[in-house]
Amino acid sequence: MASHGGSSRKSLTLSSQARKKASENIGSDLARKSLTSSRSMGVTGERTVKRLRLSKALTVPENTTIYEACRRMAARRVDALLLTDSNALLCGILTDKDIATRVIARELNLEETPVSKVMTRNPVFVLSDTLAVEALQKMVQGKFRHLPVVENGEVVALLDIAKCLYDAIARMERAAEKGKAIAAAVEGVEKHWGTSISGPNTFIETLRERMFRPSLSTIIPENSKVVTVPPTDTVLMATKKMLESRTSSAVVVVDNKPRGILTSKDILMRVIAQNLSSESTDVEKVMTPNPECATVDTPIVDALHTMHDGKFLHLPVVDREGIVVAVVDVIHITHAAVATVSQFSSFWRSFYYEYC
């Protein structure tokens, strides 16, 4: 026991030479990574909103009927539009989720109800020269997917959170690279000096398991609620369940295994735009069959890549038996990406001040 105590004290009182060596190794490695990153990403490595491929905003007066608004959205293949008041000033926003949960689920008359009855009033906006990552954080904090873009006092575009996924991926991957550099430097110092900076592998293991490539299991609550419906449920029944759970998707399951997914965009494009009745149309007729799924062990950054490359906003998550346990949407997963980068930055600062 005495030898263990001595070893522990030694690990906690790493010599100043060792700490200096760790600091030099980490600093030089991070500098090389930073130089490589800056060459490929630009001086700051960050894009502004105006550099994203923005879509011109679809705008209609607030007294437009919901049916006409849906018709225009479907024609433009967009899932949100902006509303203006009698003075042609921005006064609201309507999204596919609003249509599914505030209109279809509540059985409103599309042809008689004006958009003003169901729109979200006075939406938050962002300037065109705002950093894309800052716009992303604003959407994540506000838990909304769309953000009007203003330039010279006029709304010029509508930013979708999906456009920022690339930036979220880039930030996660840069953080992971820094983490690998830190871990490699620490391991090198430990081998050189025959010491352990933080006890038996706790520092390195924490970096590897939580910082480098955290999995979806780290962001899915233990009792996660997921809306599931059988293929024979009607669209109306599915939207009522979505409204109750405050979600914008439902997983279509057979024996608890995912066979399809129905999203609010599907309801807009495949039900309303096709003049189908939500009361008599079965989910299986309009769902997306055999959706791509992730597992609880899938790294968050890989899930981001999957959603970015596949251009979809919802990703069912299954356990090791293939049973659906959650659905991560684009807001949930980008929030996790932002939080992971922030957590890494805090962890690195604490380590640096403690040991370097």
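**Exercise 1. A four-stranded sheet**

In what sense do β8 and strand β9 (residues 249–254) pair, and over how many bridges? Work through the rest of this sheet afterwards.

Solution.

Before starting, note that this is a predicted model, in which local features need pLDDT of at least 70, side-chain atom pairs count only at pLDDT 80 or more, and totals for chains, interfaces and linings use all residues. Residues are numbered from 1 along each chain as its sequence is written, and side-chain values use heavy atoms, with hydrogens and water left out.

Step 1. Fix the terms. Helices (H or I, at least four residues) and strands (E, at least two) are DSSP runs, numbered from the N terminus. Two strands pair if DSSP finds at least two bridges between them.

Step 2. Take the pair in the task. β8 and β9 pair in the parallel sense, over two bridges. Within β9, V252 stands opposite V229.

Step 3. Place the pair in its sheet. The order is β8-β9-β10-β11, an open sheet of four strands with mixed pairing. Its edge strands are β8 (228–229) and β11 (288–289), each pairing on one side only.

Step 4. Add the helix. α9 (residues 264–272) packs on the sheet and touches β10 (257–263) and β11. The direction of α9 makes about 65° with that of β10. Contact means heavy atoms within 4.5 Å. Axes are lines fitted to C-alpha atoms, for helices over the stretch in contact, and angles run from 0 to 180 degrees between N-to-C directions.

Step 5. Follow the remaining pairings. β9 and β10 run antiparallel and are joined by six bridges. K257 in β10 stands opposite V254. The hairpin of β9 and β10 has two residues between the strands, and D255 there takes a positive phi near 55°. β10 also pairs with β11, in the antiparallel sense, over two bridges. Here G260 stands opposite P289 in β11.

Step 6. Check burial. Buried means under 20% relative accessible area, exposed over 50%, and partly exposed in between (1.4 Å probe, protein chains only). Five of the seven residues of β10 are buried, so this strand is largely enclosed by the rest of the structure.

**Exercise 2. Two packed helices**

At what angle do the axes of helix α4 (residues 96–104) and α9 cross? Then describe how α4 is covered.

Solution.

Step 1. Read the geometry. The axes of α4 and α9 cross at roughly 75° and come within 7 Å.

Step 2. Classify the angle. Angles under 35 degrees count as roughly parallel, over 145 as roughly antiparallel, 65 to 115 as roughly perpendicular and the rest as oblique. α4 and α9 are therefore roughly perpendicular to each other.

Step 3. List the meeting residues. From α4 come D96, K97, I99, A100 and I104; from α9 come S264, K265, I267, L268 and I272.

Step 4. Look at the cover. Seven of the nine residues of α4 are buried. They are D96, D98, I99, A100, T101, V103 and I104. These buried residues pack against α3 (66–76), β3 (90–95), β4 (120–121), α8 (235–245) and α9.

**Exercise 3. A histidine side chain**

Is H146 buried or exposed? Find its polar partners too.

Solution.

Step 1. Locate the residue. H146 lies in strand β6 (residues 146–151).

Step 2. Judge its exposure. H146 has a relative accessible area of 7%, so H146 is buried.

Step 3. Find the polar contacts. A polar contact is a pair of N or O atoms within 3.5 Å; within protein, one must be able to donate a hydrogen and the other to accept it, and residues adjacent in sequence count only if both atoms are side-chain atoms. The H146 side chain makes one with the side chain of D79 (2.9 Å). Another links the side chains of H146 and R145 (3.4 Å).

Step 4. Collect the neighbours. Leaving out residues up to four places away in sequence, H146 touches D79, A80, I93, T95, M139, L158, L159 and D160.

**Exercise 4. Cysteines**

How many disulfides does a search of the whole structure find?

Solution.

Step 1. Apply the cut-off. A disulfide is a pair of cysteine sulfur atoms within 2.5 Å. The search finds zero.

Step 2. Check two cysteines. C70 is buried, at 1% relative accessibility. C91 is buried, with a relative accessible area of 8%.
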